[in-house]
Amino acid sequence: MSASGKDSVTIAVNGSNRSLTAPVLHGTLGPSVVDIRKLYADLGMFTYDPGYGGTAAVESKITYIDGDEGVLLYRGYPIEQLAEKSTFLETAYLLLNGELPNASEREAFENGVIRHTMLHEQIRQFFNGFRRDAHPMAVMCGVVGALSAFYHDSLDINDPDSRRISAFRLIAKVPTIAAWTHKYNVGQPFMYPRNDLGYAENFLYMFHAVPAEPYTVNPILARAMDLILILHADHEQNASTSTVRLAGSTGANPFACIAAGIASLWGPAHGGANEAVLKMLSEIGSVSNIPDFIRKVKDKNSNVRLMGFGHRVYKNYDPRAKIMQKTCHEVLSELGIKDDPLLELAMELEKIALNDPYFVERKLYPNVDFYSGIILKAMGFSTSMFTALFAVARTIGWISQWEEMSRDPEQRIGRPRQLYTGSQRRDFVPVAERS
Ligand code: ACO
């Protein structure tokens, strides 16, 4: 971040002689920012920006998005290159540490993660407290938060070694928890992790295998899973990441912060969107119903949205959606699923929406969730598991952002201000005197 003396913005209050000359700070890419930290002290005013659409709350070196051009970079590397050439754990190292690892660093990191895949045996008991039909995200919020009650030895957030061990634990244990939520839902025995398998392979094994028979993970599906994890690994200061940072800014422990992130991810406007896409596709039912559905989407009184379309930042094709679309075809072909009606419906819907002035004018393009639900369904995941899988992938993004925040000398407790529009001061009236 740099500021040169001549770059500044002057904010003058009309009708008075008060003004603030605020420095403009420049990053390495993307819009510069106006540093308004002195606004309240100098002018006695706050800024008003509901949804934070124009507010940079942090300085970060991790992920860069150019929403107009459809660009996503992790530590400077384009998502397309990482999706093609990297693995999820290597990408995780990159996000957490800032550079790609050499061969020995990569091996040490993978070993570091893999030896933490098991859960404390007592954590099994937690699952029994939930109803069998509990939503996986409800279980994830509870059990991930509970990790802080089991791993006291890595809770010192001021100690870099403690933070590193917590990071390993979270990256390694969240997949085990996610797989076990599914096993609990369907009433099958929990499968313990296998550390001889790759990260995505082990996850598919814990999810699909049963103790009664051998199970071999299809390598093409393991690679597709790994790719899905890479695509969802981080996405700058989105709602759940900002939640993790806000929780972390209070000094809360990393397990509690990630549980907060999971809660934030659950909503249908964020991580719940791929689940909502499949629900929407099955409600539409057939290609002939698309025009009627699009009419409802465009009707301002209907509250119906085209799920999997639109993004706060991307006003162009989400680069992850393009990769996801290709992977979707590969997975369906590997599984011998020809003419999948949902895929057919999704492609037709995409074609119609991309040519409709309503979507074109508002720059609404498919986002990553438009295709991910179809792939995950084909891979045997229940729709209620989709957001839990997103949480598995995003854990590395959350922990990398939390780690960056922990090292930031400018870090303070997050405390937004407000424009108060409630009652002015008034005196209490006893109930007998109220009309
Ligand atoms: N379908 C129909 N219209 C839409 C959609 C949509 N999916 N998304 C936005 N619009 C319209 C809005 O009605 C609004 O129209 P108006 O200007 O006439 O009032 C305009 O486009 C701008 O929309 P906003 O709601 O202001 O955009 P915002 O940036 O706040 O919302 C969001 C982004 C929440 C992702 C939105 O596009 C949406 O709800 N999409 C569907 C849910 C979804 O797919 N979420 C996944 C996001 S990606 C992720 O989390 C991995």
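Glu403 comes out as buried, at 10% relative accessibility, in what is a predicted model. Its salt-bridge partner is Arg407, with the closest N and O atoms 2.6 Å apart. Arg407, by contrast, counts as exposed at 59%. Both residues sit in helix H18 (residues 386-407), 4 residues apart, so about one helical turn lies between them.

A pair with similar spacing turns up in helix H7 (residues 160-186), where Asp161 and Arg164 are 3 residues apart, again about one turn. Their side chains form a salt bridge with an N to O distance of 3.8 Å. Here Asp161 is partly exposed at 46%, and Arg164 is partly exposed too, at 41%. Arg194 and Asp196 make another salt bridge, at 2.7 Å from N to O; Arg194 is partly exposed, with a relative accessible area of 30%, while Asp196 reaches 57% and counts as exposed. Elsewhere, Asp35, Arg37 and Glu410 are tied together in a salt-bridge network. The overall tally is 21 salt bridges.

Then there is the ligand. It is surrounded by 20 residues, the closest being Arg305, Leu306, Gly308, Arg312 and Asn367. By type, this shell splits into 10 nonpolar, 5 polar and 5 charged residues. Ligand oxygen atoms take part in several polar contacts: one lies 2.8 Å from a side-chain N or O atom of Arg312, one is 3.0 Å from a side-chain N or O atom of Lys300, and one sits 2.9 Å from a polar backbone atom of Gly308. On its own the ligand has 930 Å² of accessible area, and the protein covers 74% of that.

Methods
Residues are numbered from 1 along each chain as its sequence is written. This is a predicted model: local features need pLDDT of at least 70, side-chain atom pairs count only at pLDDT 80 or more; totals for chains, interfaces and linings use all residues. Side-chain values use heavy atoms; hydrogens and water are left out. A residue is near a molecule or strand if one of its heavy atoms lies within 4 Å of it. A polar contact is a pair of N or O atoms within 3.5 Å; within protein, one must be able to donate a hydrogen and the other to accept it, and residues adjacent in sequence count only if both atoms are side-chain atoms. Accessible areas come from the Shrake-Rupley method with a 1.4 Å probe; for residues, only the protein chains shown count as cover. Ala, Val, Leu, Ile, Met, Phe, Trp, Tyr, Cys and Pro count as nonpolar, Asp, Glu, Lys and Arg as charged, and the others, Gly among them, as polar. A salt bridge is a side-chain nitrogen of Lys or Arg within 4 Å of a carboxyl oxygen of Asp or Glu. Helices (H or I, at least four residues) and strands (E, at least two) are DSSP runs, numbered from the N terminus. Buried means under 20% relative accessible area, exposed over 50%, partly exposed in between (1.4 Å probe, protein chains only).
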